[in-house]
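Here is a friendly walk through a protein chain, best read with the structure open beside you. Keep the viewer handy and follow along from one part to the next.

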Amino acid sequence: MLIPDIELFSALSEFAFMRRALVGSVALAVGCAPIGVLLLLRRMSLLGDALSHAVLPGAAIGFLFGGLSLAWLAGGGLIAGLLVALAAGFAARKTRLNEDASFAGFYLLALAIGVLIVSKWGSSVDLIHLLFGSVLAIDDPSLLIVSSVASITLIWLALEYRGIVLECADSGFVAATTGNGARFHIGFVVIAVLNFVAAFQAMGTLMAVGLMMLPAATARLWAERLSMLFVTAWIVALTSCLLGLVASYQWDLPSGPAIVLVAGTLYCISLIIAPFGLWAQRRKARRHHAI
C-alpha cells in the first residue's frame, strides 16, 4: 500500500519517541519558517545554507570533547555559527565582497573543517549523525532547547517586527533614519543561528536548511502579504513534519530527509499550480498577448 493508512497516525499517540519527534518537529517549524521567509525577502537565501554548515565545525569540536552530549554540541555549534556570521559580515563591510560571496567563502571553509575533524577523530557513523541527525532520536533536553529557541524567535519577531520588516525592505533607510540598522541585522543573524543550532539537534546540518527555506519558497508562490507568507510557511512546514514523520515510520526512512522530501514535493507542486506558479504565469502571458 503506497498511501499511508489513517491507522498509521495512531503511531503518534502510541509511541513516546513518535510524540517527542512530533513535538520537536512542530517547534522547529514554528521557529524556522518565519526566519526562512525573512531570509527570502532579504534575498539572503544563501545565508541559510551558509549558517547551516557554519555550525558543523563547532559541533564537531564539541563532539570530540563531550561525545553526543547536548550541551557540547549545541554550545560548539552556536559559537561556530556566530563566529562565521560575524567574520563574514566584517569581511563584507571592509572589502569589496558582497555579503553573499563573503558567507559562501566562510561556510565552505567551516564545512571542510567540520568534516575533516569528524573524519579524522570520529567515525562515518558520527559524521552521518552530525550531517543528517535523527528526529526520531530526539530526547527531552533537546525538546527543551528546540522549544525555547522557537519561543525566543516568536518573542523577538513580536518585539522587532516593524524594524526588521523595514530593514528587509530598505536597510539603508533604516540605518539613516534610526541608526539601528546594525541592531536589527545582528539580531536577525543571531536568531537565525539559534534556529539552526536547534534544528541541528534533530535534523543535522544538511537537513536543517530544508525545513527553513522550502516552506518559505513555497509560501512565496501562494501569498503576497507578509502576514500570509508567515502563515502559509507555517502550514507548509507543519504539514511537512507530520507527513514526513508518518512516511518515515511506515517505510523505515530517515526522518529528517523524509520531512525535507515532503517539503520539497509541496514546493514542486506549488511551482506548477500556485497562483504565482508556472501555470498561472503562463495563463497571464497568453491573456496579455491576446489583448
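## Aromatic pairs

How many aromatic pairs does the chain hold? In this predicted model, the count comes to 3 aromatic pairs. One of them joins Phe230 and Trp234, a tilted pair with 6.2 Å from centre to centre and 40° between the planes. The tilted label fits because that angle is neither under 30 degrees, as for stacked rings, nor over 60, as for edge-to-face rings.

Where do these two residues sit along their helix? Phe230 and Trp234 are 4 residues apart in helix α10 (residues 226-251), so about one helical turn separates them. As a reminder, an α-helix has 3.6 residues a turn, so residues three or four places apart point the same way. The two residues can also be compared by cover: Phe230 counts as buried at 8% relative accessibility, whereas Trp234 is partly exposed with a relative accessible area of 25%. Tyr161 joins Phe230 and Trp234 in a cluster linked by ring pairs.

## The chain as a whole

Now for the wider view. The secondary structure comes to 12 helices and 0 strands. Of the chain's 291 residues, 47% count as buried. The accessible surface is about 14300 Å², and carbon and sulfur atoms account for 69% of that area.

Contacts tell you about the fold, too. Taking contacts between residues at least 6 apart in sequence, 74% of them join residues at least 24 apart.

## The nonpolar core

In soluble globular proteins, nonpolar side chains tend to be buried together. Here the largest nonpolar core has 61 residues, and those touching the most other members are Ile35, Leu38, Leu39, Leu51, Trp156 and Phe188. At least two core residues come from each of α2, α3 (45-66), α4 (70-94), α5 (99-121), α7 (140-169), α9 (181-222) and α10. Which helix gives the most to this core? That is α9, with 18 residues.

Trp156 is a good residue to click on. Trp156 belongs to helix α7 and is buried, because its relative accessible area is 13% and the cut-off for buried is under 20%. Setting aside residues up to four places away in sequence, Trp156 touches Ile35, Leu38, Tyr161, Ile164, Phe184, Gly187, Phe188 and Ile191. One of these partners, Gly187, is 31 residues from Trp156 along the chain, with 8.6 Å between their C-alpha atoms.

## Helix α2 and its kink

Does the length of α2 agree or disagree with the value expected for a helix? Helix α2 covers residues 16-41, and at 1.5 Å a residue its 26 residues should span 38 Å; the end C-alpha atoms are 38 Å apart, so the two values agree. Along the way there is a kink of about 25° at Cys32, shortly before the proline Pro34. After α2 comes Arg43, which has a positive phi, near 55°.

## The end of helix α10

Helix α10, which holds the tilted pair, has 26 residues and reaches 37 Å from its first C-alpha to its last, close to the 38 Å expected at 1.5 Å a residue. Which residue takes a positive phi just after α10? Asp252 does, at about 55°, and Asp252 is not a glycine. Most residues other than glycine have a negative phi.

Asp252 is found in the loop between α10 and α11 (255-273). Is Asp252 buried or exposed? At 70% relative accessibility, Asp252 counts as exposed.

## Two more buried residues

Ala110 lies in helix α5 and is buried, with a relative accessible area of 5%. Beyond residues up to four places away in sequence, Ala110 touches His53, Ala54, Pro57 and Val84. Ala110 and Val84 are 26 residues apart in sequence, yet their C-alpha atoms are 7.8 Å apart in space.

Thr218 is placed in helix α9 and counts as buried at 1% relative accessibility. Which residues does Thr218 touch, not counting residues up to four places away in sequence? Its contacts are Val236, Ala263, Leu266, Tyr267 and Ser270.

Methods. Residues are numbered from 1 along each chain as its sequence is written. This is a predicted model: local features need pLDDT of at least 70, side-chain atom pairs count only at pLDDT 80 or more; totals for chains, interfaces and linings use all residues. Side-chain values use heavy atoms; hydrogens and water are left out. The expected span of a helix is 1.5 Å times one less than its number of residues. The bend at a residue is the angle between axes fitted to the seven residues ending there and the seven starting there. Rings of Phe, Tyr and Trp (its six-membered ring) pair if their centres lie within 6.5 Å; planes under 30 degrees apart count as stacked, over 60 as edge-to-face and the rest as tilted. Buried means under 20% relative accessible area, exposed over 50%, partly exposed in between (1.4 Å probe, protein chains only). Contact means heavy atoms within 4.5 Å. Accessible areas come from the Shrake-Rupley method with a 1.4 Å probe; for residues, only the protein chains shown count as cover. A nonpolar core is a set of buried Ala, Val, Leu, Ile, Met, Phe, Trp, Tyr and Cys residues joined through side-chain atoms within 4.5 Å.
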